[in-house]
Amino acid sequence: MCKERNLPYNEMADEEVVSLSQQGNMYAMEAILNRYKGFVASKARPYFLIGGNHEDMIQEGMIGLYKAVRDYLPDKQASFRSFAEICITRQMITAIKTATRQKHQPLNSYVSLSRPAYDENSDQTLADVVLGSSCMNPEELIINKESYDACEAAISKALSKLEHKILGLYLQGKSYQEISEQIDKSPKSIDNALQRVKRKLERILSKN
């Protein structure tokens, strides 16, 4: 074990260090992961993970790097660096796609947008209130006008114009990226706004 620790990993080619790692040498594994840490960070810079931060994306990249070390076959790949770049990028993109598919889950975990806006027997949901009354029939509006107006007023008062607009687009099924392009804000700004909306709507609903 001491012999493995003292090997000159810094002087070895990537492929040699990877080969030792695949044989169970944990010092070689540590050496190759440290060697590529800066590379992973640079690859993570252009990407944005919904609900996460830059460090989360780097972590995904390190997982991709670990998989590259595990799966590298020198007889089939030209160089470890090229193979590692593919694995790192693929892992990051997979993480982004997974987060995008689950983009509605964070909001719904705090506030059920399909719950009645003001009483248990109401047909209007919170989503209806936020999106406006254009899709409601006249009978519903007459029967529930007082409660509806009260709930709508509470939401309008609590949310800023930007937050109201972002939530409306979000409830229409638009992705963070689509909202970002439409209102000229970064995806991170969209995520921050929705986090604020979640907290505000939760307070409103707890008073109903």
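Confidence in this predicted model varies a good deal along the chain: helix α2 (residues 14–22) has the highest mean pLDDT, at 94, while helix α7 (residues 105–110) has the lowest, at 46. Across the protein the average is 74, and 65% of the residues score at least 70. Two stretches deserve some care when you look at the coordinates. Over residues 106–112 the pLDDT stays under 50, yet the model still gives this stretch 14 contacts beyond four places in sequence. Residues 117–122 are also below 50, and they have 14 contacts in the model beyond near neighbours in sequence.

With that in mind, let's step back to the overall fold. There are 12 helices and 0 strands, so reading from the N terminus you meet one α element after another. Of the 208 residues, 40% are buried. The accessible surface comes to about 12,300 Å², and carbon and sulfur atoms supply 50% of that. As for how the chain meets itself, take the contacts with a separation of 6 or more: 55% of them join residues 24 or more positions apart.

Now for some local stops, beginning with S42. This serine belongs to helix α4, which covers residues 37–44. Is S42 buried or exposed? Neither label fits, because its relative accessibility is 31% and partly exposed is the range between 20% and 50%. In sequence, S42 is 19 residues away from G61, and the C-alpha to C-alpha distance between the two is 9.9 Å.

Further along comes helix α10, spanning residues 161–171, where the buried residues include E163, I166, L167 and Y170. An α-helix has 3.6 residues a turn, so residues three or four places apart point the same way. Looking back at α10, E163 and I166 fit that sort of spacing, as do E163 and L167. G168 and L169 are buried in this helix too. After α10 you reach G173, which has a positive phi, near 95 degrees.

The last stop is S180, another serine in a helix, this time α11 (residues 176–183). Why does S180 count as buried? Its relative accessible area is 8%, and the label applies because that value is under 20%. Which residues does S180 touch once its neighbours within four places in sequence are set aside? The contacts are with K185, S186, P187 and I190. Put the two serines together and you have S42 partly exposed in α4 and S180 buried in α11.

Note on methods:
Residues are numbered from 1 along each chain as its sequence is written. This is a predicted model: local features need pLDDT of at least 70, side-chain atom pairs count only at pLDDT 80 or more; totals for chains, interfaces and linings use all residues. Side-chain values use heavy atoms; hydrogens and water are left out. Helices (H or I, at least four residues) and strands (E, at least two) are DSSP runs, numbered from the N terminus. Buried means under 20% relative accessible area, exposed over 50%, partly exposed in between (1.4 Å probe, protein chains only). Contact means heavy atoms within 4.5 Å. Accessible areas come from the Shrake-Rupley method with a 1.4 Å probe; for residues, only the protein chains shown count as cover. pLDDT is the predictor's confidence in each residue, from 0 to 100.
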